Amino acid sequence: MWLPLPHGGHASTTPVGALSGGRPAVRRSTLAEAVIRSRQRKSPPKVDSDHDIKTRVTTLEELKVKRKGEDCLVVIYTPTQANLGQRYVLHKDVTSIGRDRENDIVLDSDSVSRRHAKLEHRDGHFYVIDLDSTNGTFLNDDTPVTANQMRRGDQLKIGDTIFKYLSGSDVEAQYHETIFNMTITDGLTDISNKKQLDNVLDKEMPRARRHNRELSLLMIDIDHFKSVNDTYGHLAGDTVLRELAGVLQKRLREDDSLGRYGGEEFCAILPETSLAGAVQIAEELRLMVERHVFMVEGEKILVTISLGAAELNDDMDRKGFYKAADEMLYEAKRSGRNRVCPQVR
């Protein structure tokens, strides 16, 4: 056997056993064997902590929905993309559907009758009943509805809108609940976002006019909020926004709706409240915020708010209602801040 050896920069060959005066020579290891021995001499590599965790054995029982949710209809097709994913909770014994504003579920489409259909809750089940609508009501594969029981996953077609019926015990219902709540909730303050404020006004304004009831709106803004961000940083500013939302909610009633309009601006919708009543609530909110101790990085800071108040009148649309209260808010800021300015009627 011949083994190549380095010699003076040139390779030469010498027979094994011919080295050291004829004594058998130790066979030189190959490069691979040397690498293996080198690795064995080193300490064993550390195992990633994830590898030490044993896989937990689960059962099908653990994967079942733990809480009973709410039966609902979810919009899965509509020409108006903004309404896609809209979720309607079926919490009443009778839920009406149609184009008229009196219905529980209002579909603003000329292909939907004023009183199109209704859902009745009987013996633990929901039944859909067509109310002699012009274009009919259909289930799944275009089965015409007279009075049909709804089953989980059924598709309900009314005009140009398709709903999916989900049972409260269905994990998909809870998925849609979570997703829908994310679309209408401000992620920082956990109160309504601008989209949900719009939704609430779209319901409350026609209702107030229909029943000749009062409806008022407050626009709320933090005074000198930029200086909080500039002095303490944006994380501190976020803390103030979250805490302020909690303070405002403590005074508002169950039927009132508080939302983050944008930035440091909030909005409160006050059903069945006159302008005078709104001003009183606004003044109480202003005092609560002024007296509240806001802590930022262990330091107390003074936070005040300015508020504008407006009451719905016959000429206002949603945009005009916001604008009326917003103009009063900026009047409050122009006249010194930390005050309430009501709409001049």
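**Arg-286, strand E19 and the surroundings**

Me: In this predicted model, is Arg-286 buried or exposed?

Reply: Arg-286 has a relative accessibility of 11%, and since anything under 20% is classed as buried, this arginine counts as buried. The model is a predicted one, and Arg-286 belongs to helix H7, which spans residues 275–291.

Me: What does Arg-286 touch, leaving aside residues up to four places away in sequence?

Reply: With those set aside, Arg-286 touches Ile-305, Leu-307, Asn-338, Arg-339 and Val-340. Ile-305 and Leu-307 are also listed on one side of strand E19, while strand E20 covers residues 340–342, the stretch in which Val-340 falls.

Me: Ok, E19 then. How many of the residues in that strand are buried?

Reply: Seven of the seven residues in E19, which runs over residues 305–311, are buried, so the strand is largely enclosed by the rest of the structure.

Me: And which residues sit on each side of E19?

Reply: One side carries Ile-305, Leu-307, Ala-309 and Glu-311, the other carries Ser-306, Gly-308 and Ala-310, and as all of these are buried, both faces of the strand are covered.

Me: Which sense does the pairing with E14 have, parallel or antiparallel?

Reply: Strand E14, made of residues 215–222, pairs with E19 in the antiparallel sense, and the pairing extends over seven bridges. As one example of the register, Asp-221 has Ser-306 of E19 as its bridge partner.

Me: What about E20, and how does the chain get there from E19?

Reply: E19 and E20 pair in the parallel sense over three bridges, with Ala-309 standing opposite Pro-342 of E20. Between the two strands the chain passes through helix H8, residues 318–334, and the resulting β-α-β crossover is left-handed.

Me: Switching to the surface: which residues form the nonpolar patch with Tyr-175?

Reply: Tyr-175 is joined by Ile-179 and Met-182 in a nonpolar surface patch, and together the three have about 330 Å² of accessible area. Tyr-175 itself lies in helix H3, which runs over residues 171–184.

Me: Last one, what are the totals for the chain?

Reply: The secondary structure comes to eight helices and 20 strands, and buried residues make up 40% of the 345 residues. The chain exposes about 21,000 Å², of which carbon and sulfur atoms supply 50%. Among contacts with a separation of 6 or more, 53% are between residues 24 or more positions apart.

Definitions and conventions. Residues are numbered from 1 along each chain as its sequence is written. This is a predicted model: local features need pLDDT of at least 70, side-chain atom pairs count only at pLDDT 80 or more; totals for chains, interfaces and linings use all residues. Side-chain values use heavy atoms; hydrogens and water are left out. Patches are made of residues with over 30% relative accessible area and no salt bridge: like charges are joined within 9 Å, nonpolar side chains (Val, Leu, Ile, Met, Phe, Trp, Tyr) within 5 Å. Accessible areas come from the Shrake-Rupley method with a 1.4 Å probe; for residues, only the protein chains shown count as cover. A salt bridge is a side-chain nitrogen of Lys or Arg within 4 Å of a carboxyl oxygen of Asp or Glu. Helices (H or I, at least four residues) and strands (E, at least two) are DSSP runs, numbered from the N terminus. Buried means under 20% relative accessible area, exposed over 50%, partly exposed in between (1.4 Å probe, protein chains only). Two strands pair if DSSP finds at least two bridges between them. A crossover is right-handed if, with the strands pointing away from the viewer, the path from the first strand over the helix to the second runs clockwise. Contact means heavy atoms within 4.5 Å.
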